[in-house]
Structure formats: C-alpha cells, structure tokens
Amino acid sequence: MMTTSYISSINFWNAPRTGLSRLQTDLAATNSEIATGRYADVGLVLGTKVGTGLGLRQQSAEIDALKSGNGVATLRLKTTQSALAQMQSAADKLLASIVGQPEAQQTAVVETGSNQLTPLVSALNMTMAGQYVFGGANSGAAPIDMAAIDAMRQRLQTDFQAHFGYAPGSSAAATEDPAKVQAFLDTYVDGGFSGASWGGLSQASSAISSRIALNEEATTSASADARPFAQLTMAYVIASDFKLSSFSPNAQKVANQKVMSLLAAASSGLVTMQADLGRSQDRIAQANDRLDAQKTLLSGEVNDLEAVDPAAAKTKVDALTTQIQMSYALTAQLRQLSLVNYL
C-alpha cells in the first residue's frame, strides 16, 4: 500500500523553527565554553572519565583550603612573635638595669618591675580576629584572669604573714634572716606559680597544631601555660608585693638574685619559643611553595581533561550563527509562499 506525506505551508514554516531551538541551545553552550574555557557539559564529553576530573578538582579545593588555613596560621604566628618579642624586651631591659646597678641600689630597680605585671597580662590576653592568641586550642576564652592573679597574690600575702610573723613592709623585716627569705621564695612563691598552681591561673590549653600540607602538621601558636610566662609573672610579683626595700641588705640580695634568675630563665624560654615558632613559619612558607606546585600540576591535568579548544569553539560559534541566520532567512521566505500571491 502506498502512502504519501501530507505537505502544507505550515509544515514548511515549522521545519526551520524546529531546528532553531537546538541551534540556539548549542550556541549558548559554546559561548559559555569560550567564556569559561571548559566544556559546558563535562559529563557528556568525558563520559567515564568525569570521575577523574572531579577527583582532581577535589584535590585542588583541598589545597586551596590548606593555603587559606596557612594564611590564618601565618598571621597568628606573626602576632604571637611580636608579643613574645615585647615580653622578652621588657624582661631583658629590667634585668640589664638590675645587673648594671651596685648591689645597694639593685632593690630600687627590682621594684620597678611592679609596673610590668599588668602589661604582661594584657599581652597574654591579646586577641586576633576575636580569638585569644595565647589561648592555645581554647582560643575562645581569655587565657589569664587578672582576678585569679590578684587572688594568688593575696594568698601569698597571707603566706608571707604566716611565714615571717609580720606583714610586708614591717620594720621587723630589717633584721630578717636571708635563709628564711630564700625558704619563703622557694616554698611559697615557686609553689604558687608552678605546675598545677599556674595551670589554675591560666585558662589556656595546649598549643594549636595545624595541618599545613597534605601530609604535614606544625605548631602554629603559643600557650599561656608555657613556663616562661609563669616565671615572668613570679618575678614581677616578687618585685611588687613584698616590699623588698624593708629587708636587710643580705635578705634583699637573696630576693634580687631570685628576680634576676627568673628574668634570665624567662627570657631564655621566650627566645626558645620564638625560635620554635620561627621554624613553624618557615615550614609553612615551604609548604605553601609545595602546595602552589601541586596546584599548578592539578590545574594542568584538569585542563587536559576539561579545557576546550578556543579556536574550534570560535569556529563552531560562527557556524551556528550562520545556520541560525539562514534559518531566519528561510522562514521569512517561506512566509511569503501563499496562493493569494498567484491569483
């Protein structure tokens, strides 16, 4: 049985329009490829290789996250280093001033250390972007509570009274035995600012360990729990709370030696901390270099999979544009086909 197709003007008009939507879709996709340099439909082009491309992009995103974290860690380290340098400078200046004076005048210089306690606590409570720099992992809480320091100082005043039988500054101190002063410093002062006692004054936790590369971690902060901070606090408390000038010269010498010993030990500890953090800064810089190289390699592999040829894409755009223009022209011509024109 033979059949014939139904032919009419409306069929001629609709034929170009039917292909026009596809051409416009292809043109939009190709223009997008020229703009992004990437296939508009990566899954369609790559097929089973699309998983490889996604894996490479995930690794690249992980590198970006590491670089971002390293930027924050670097800023925290710089802030910490600056604070540590200021603390060390204050301790070194006081120590140099004490050492540079005759023994009879050293006590007066030691007692100026009382002015350093509040700046020390302020430095330990320094914040960066709302986080406490010396808080360690517990960076959301102030590491040092001045009220807790004051409470400890008040307890030492009570211990002083119990140990010596008189309050600081009493005239009875003028004949005090140096050995008894040494015993007080070793027992009560050392005990009040060491071990668990200092931990009770500091709310900080252990220093932060950050992931700085795909398979590498580094310490990227300092904690107020560190021993040098306790030693500095102890030295400044001795200088401020016990009226050292009221003691006998030999007793003053014992106290002065204790303060100088604490300042020297604290300064040495701060230098060590700065060196350790400096090594972390160097490791981060080296890690960033490696991450940049890895990112470049991954970007190259992604481009090999997903990048379009700009010249080929431009040629395709030109061809599609020509076809669309031809479709419009053909439609216009078909619209002129009417029997009325021939009657």
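Begin by selecting Leu-117, Thr-118 and Val-121 in helix 5, and then add Met-146, Ile-149 and Arg-153 in helix 6, because these two groups of residues meet each other, contact here meaning heavy atoms within 4.5 Å. Sorted by class, the residues of this contact divide into 4 nonpolar, 1 polar and 1 charged. Keep in mind throughout the tour that what is on the screen is a predicted model.

Next, show the whole of helix 5, residues 117-124, together with helix 6, and look at how the two are set against each other: they pack at an angle of about 140 degrees, and their axes lie 11 Å apart. An angle over 145 degrees would count as roughly antiparallel and one of 65 to 115 as roughly perpendicular, and helix 5 and helix 6 are therefore oblique to each other. As you turn the view, note that the crossing of helix 5 and helix 6 is right-handed.

Now keep helix 6, which covers residues 146-164, and add helix 9, which covers residues 227-241. How far apart are the axes of helix 6 and helix 9, and at what angle do these helices pack? Their axes are 12 Å apart, and the packing angle is about 55 degrees, which makes helix 6 oblique to helix 9. The crossing of this pair, helix 6 and helix 9, is right-handed.

To see where the pair touches, select Ile-149, Arg-153, Leu-156 and Gln-157 on helix 6, followed by Thr-233, Val-237, Ser-240 and Asp-241 on helix 9. The residues of this contact of helix 6 with helix 9 divide into 3 nonpolar, 3 polar and 2 charged. Ile-149 and Arg-153 of helix 6 may look familiar, since they belong to the contact with helix 5 and also to the contact with helix 9.

For the last stop, turn to the space enclosed within the protein, where the structure holds 1 cavity of 30 Å³ or more. The largest cavity has a volume of about 40 Å³, and you can find it by selecting the residues that line it, namely Phe-160, Phe-164, Val-181, Phe-184, Leu-185, Phe-242, Leu-244, Phe-247 and Ala-255.

Which helices each supply at least two residues of this lining? They are helix 6, already on your screen, and helix 7, which you can add by selecting 178-192. Helix 7 gives the largest share of the lining, 3 residues. Colour the lining by class to finish, and you should find 9 nonpolar residues, with no polar and no charged ones.

Definitions and conventions
Residues numbered from 1 in each chain as written. Predicted model: local features only at pLDDT ≥ 70, side-chain atom pairs only at ≥ 80, totals over all residues. Heavy atoms only, no water. Axes fitted to C-alpha atoms, helices over the stretch in contact; angles between N-to-C directions. Helix = DSSP H or I, 4+ residues; strand = E, 2+ residues; numbered from the N terminus. Parallel < 35°, antiparallel > 145°, perpendicular 65-115°, else oblique. Left-handed = near helix turned anticlockwise from the far one by under 90°. Nonpolar A, V, L, I, M, F, W, Y, C, P; charged D, E, K, R; others polar. 1 Å grid on protein atoms, 1.4 Å probe; cavity = no way out; pocket = protein on both sides within 12 Å on 5 of 7 lines; lining within 4 Å. Points joined across faces, edges and corners; volume = space filled by probe spheres on them.
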